[in-house]
Amino acid sequence: MSKPEIRSCLMSIKPYLPGKPIEEVERELGLTDVIKMASNENPLGPSPRAIKAMRENLEKMHIYPDGNCFYLKQVLAEKLKVLPEQLIIGNGSDEILSILTQAYVKPGDEAVMIAPTFSEYEFAMRIMDGMPCSVPLVGEDFSYDFDAILGAINENTKVVFICSPNNPTGTIIRKKEFDHFIERLPEKVLLLMDQAYQEYVTDPEHPTGLDYIEKRYPIIVLRTFSKIYGLAGLRVGYGVAPVEIISELNRVREPFNVNAMAQAAAIAAVEDSDHVEHSRDLVRKGRKQLAEGLAELGFRVVPDEANFCFVDINTDSRPIFQALLRKGIIIRTGDIFGFPNYIRITYGTAEQNSRFLAAFKEVLEECQ
Ligand SMILES: *Cc1c(COP(=O)(O)O)cnc(C)c1O
C-alpha cells in the first residue's frame, strides 16, 4: 500500500515508556494488591474537595468546557499573585511543552537541557524537527553545571529547559547560582522552568520561578495538578509567563484543550490547603523512612526536594525491577534515564514504604 512518507524527524523519537499500570501487572502476574511507586503520583489520592466537585459536575458533561478556563485562572492568579492573562492551562503540563515548541521552534533550532531529565523536553523538540542538546549533571549529587549550560548555547538555541526539582534526580537549583546564570543567559533564549514538584520543596534557597517573570523576559514557569494535587488522571497543568508570550502560545492551543471535569477538580484542589499540607507531610516522612531503610541496606539516596528518590543500587536495576514486580511493587528503573544501576522510587504511605523496603531486601538476597 502506498502512503505519504512520515516526517523524517519523527523517526528520531524514542517512544515514551510510562510507569507500568497497576491493572497490567495484576493481569499479567495474577496478583492483587499491587502498589505503584513509579510515577510520582500522590498516594493520598485526589483532594476530597476535588472529588466532591467532580461528583457535582457529572451531569453537566454534555456541555463543552470553558475554553478559556476562566474560573481556574481566577483562583490560580489569586494564589500566585499574577494576572489571569499571564496563565495558560494545558491538558497536563506536557501539552504546554509541545505548545511551546510549536509556537517557537523551527526545524534546525536547538534546545539546551540537562541529563538526566524529564523526557518530554526532547520529545517536544523532536516533533518540530528541533535538536535537543544535553549537558550532564555533575557529581554524586547531580548538580547543575551552569557554565556548561551557557557553553552549550549557540546562535541556533531557542529554549533552555530547567527542571527543578529535577526528575529523576530530585535535585534543585539554588537562587544565587541561578541568578548569576540568568544574568549571563542571552536575552533571545526562552527559559522554561519546569516546577512540577515545587509544592514539595522546603529549601529556602530554591527560587519559585515566579520571581523572574517580572525581571526576565522571556520565561515560562510550568506547574501541574498531577503531582501534589493528586489529579494525574485528569490531565491538567499550567504555565505562567509574560502576557505577550501567553498570547503567542494561545495561537497554537486547541480551543477546548482542558476538559470540564479537570477544570472543576483543579479549582477545588487549589483551595484545599489541608490536602496539600497532608501530602507534604507524608512525603517528609516517606523521605526519612526510605533514606534510613536504604542506608541500613548500604545504599545512599541522592538528596531530593521532591516526592521521589533516585538511588544507586550498584547493580543492574532491571532484574531487581522484575523481581519487585512479582512481589506486587512497581518502581522505575534508571536505564530509561541512562543510569541502569539506579532506581527511582516515589514515596508512598508508611505502609507502602515498609512493604517496598522489605521486598527490596528480599529481592537483593535472591538476586545475589
Ligand atoms: C510529572 C511531570 C510533569 C507533569 O506532567 P503532566 O503532563 O502535567 O502530568 C511535568 N514535568 C515533570 C518534570 C514531571 O516529572
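This briefing walks through a pocket, the cysteines, one helix, some backbone details and a few residue pairs.

Welcome to this structure, which is a predicted model. A good place to start is the largest pocket, with a volume of about 1,100 Å³. Both domain 1 (8-45 + 274-367) and domain 2 (62-271) contribute residues to the lining of that pocket, so the pocket lies between them. Elsewhere, a search of the whole structure for disulfides finds zero, and two peptide bonds that lead into prolines, Ala-115 to Pro-116 and Ser-164 to Pro-165, are cis.

**The largest pocket**

- The lining of the largest pocket is made of 42 residues, and those nearest the pocket centre are Tyr-16, Phe-118, Ser-119, Glu-120 and Phe-337.
- Helix H4 (93-104), strand E3 (110-115) and helix H5 (120-126) are the elements that each give two or more residues to this lining.
- Of these elements, H5 supplies the largest share of the lining, with four residues.
- Sorted by class, the lining holds 18 nonpolar residues, 12 polar residues and 12 charged residues.
- Why does the largest pocket lie between domain 1 and domain 2? The reason is that residues of both domains take part in its lining.

**Cysteines**

- As background, a disulfide is a covalent bond that links the sulfur atoms of two cysteines.
- In this model, the number of disulfides found is zero.
- Cys-309 takes part in no disulfide, and the nearest cysteine sulfur, in Cys-163, is 16 Å away.
- Is Cys-309 buried or exposed? Cys-309 is buried, and its relative accessible area is 0%.
- For Cys-367, the closest cysteine sulfur is that of Cys-309, and the 19 Å between the two sulfurs is too far for a bond. A disulfide would need the two sulfur atoms to be within 2.5 Å.
- Cys-367 is partly exposed, with a relative accessible area of 40%.

**Helix H7**

- Helix H7 spans residues 175-184, and its buried residues are Phe-178, Phe-181 and Ile-182.
- Looking down the axis of H7, you will find these buried residues within an arc of 95°, so they line one face of the helix.
- It helps to recall that an α-helix has 3.6 residues a turn, so residues three or four places apart point the same way.
- Which exposed residues sit on the face of H7 turned away from its buried side? They are Lys-176 and Glu-183.

**Cis peptide bonds**

- Between Ala-115 and Pro-116 the peptide bond is cis, and omega is near 0°.
- Pro-116 belongs to the loop between E3 and H5, and both of those elements give residues to the lining of the largest pocket.
- Ser-164 and Pro-165 are also joined by a cis peptide bond, with omega at about -5°.
- Where is Pro-165? Look in the loop between strand E5 (157-163) and H7.

**Positive phi angles**

- Asn-40 is not a glycine, yet its phi is positive, at about 60°.
- You can find Asn-40 in the loop between strand E1 (35-36) and helix H2 (48-57).
- Asn-40 is buried, and its relative accessible area is 1%.
- Asp-129, another residue other than glycine, has a positive phi near 60°.
- Asp-129 sits in the loop between H5 and strand E4 (131-136).
- With a relative accessibility of 35%, Asp-129 counts as partly exposed.

**Residue pairs along the chain and in space**

- Lys-73 is part of helix H3, residues 70-80, and counts as buried at 10% relative accessibility.
- In sequence, Lys-73 and Gln-263 are 190 residues apart, while their C-alpha atoms are 9.6 Å apart in space.
- Ile-219 is in strand E7, residues 219-224, and is buried, with a relative accessible area of 0%.
- From Ile-219 to Arg-55 there are 164 residues in sequence and 37 Å in space, C-alpha to C-alpha.
- Leu-44 lies in the loop between E1 and H2 and counts as partly exposed, at 39% relative accessibility.
- Leu-44 and Gly-130 are 86 residues apart along the chain, and 39 Å separates their C-alpha atoms.

Definitions and conventions
Residues numbered from 1 in each chain as written. Predicted model: local features only at pLDDT ≥ 70, side-chain atom pairs only at ≥ 80, totals over all residues. Heavy atoms only, no water. 1 Å grid on protein atoms, 1.4 Å probe; cavity = no way out; pocket = protein on both sides within 12 Å on 5 of 7 lines; lining within 4 Å. Points joined across faces, edges and corners; volume = space filled by probe spheres on them. Nonpolar A, V, L, I, M, F, W, Y, C, P; charged D, E, K, R; others polar. Domains from an automatic or database assignment. Buried < 20%, exposed > 50% of the residue type's maximum accessible area, 1.4 Å probe, protein only. Arc of directions from axis to C-beta.
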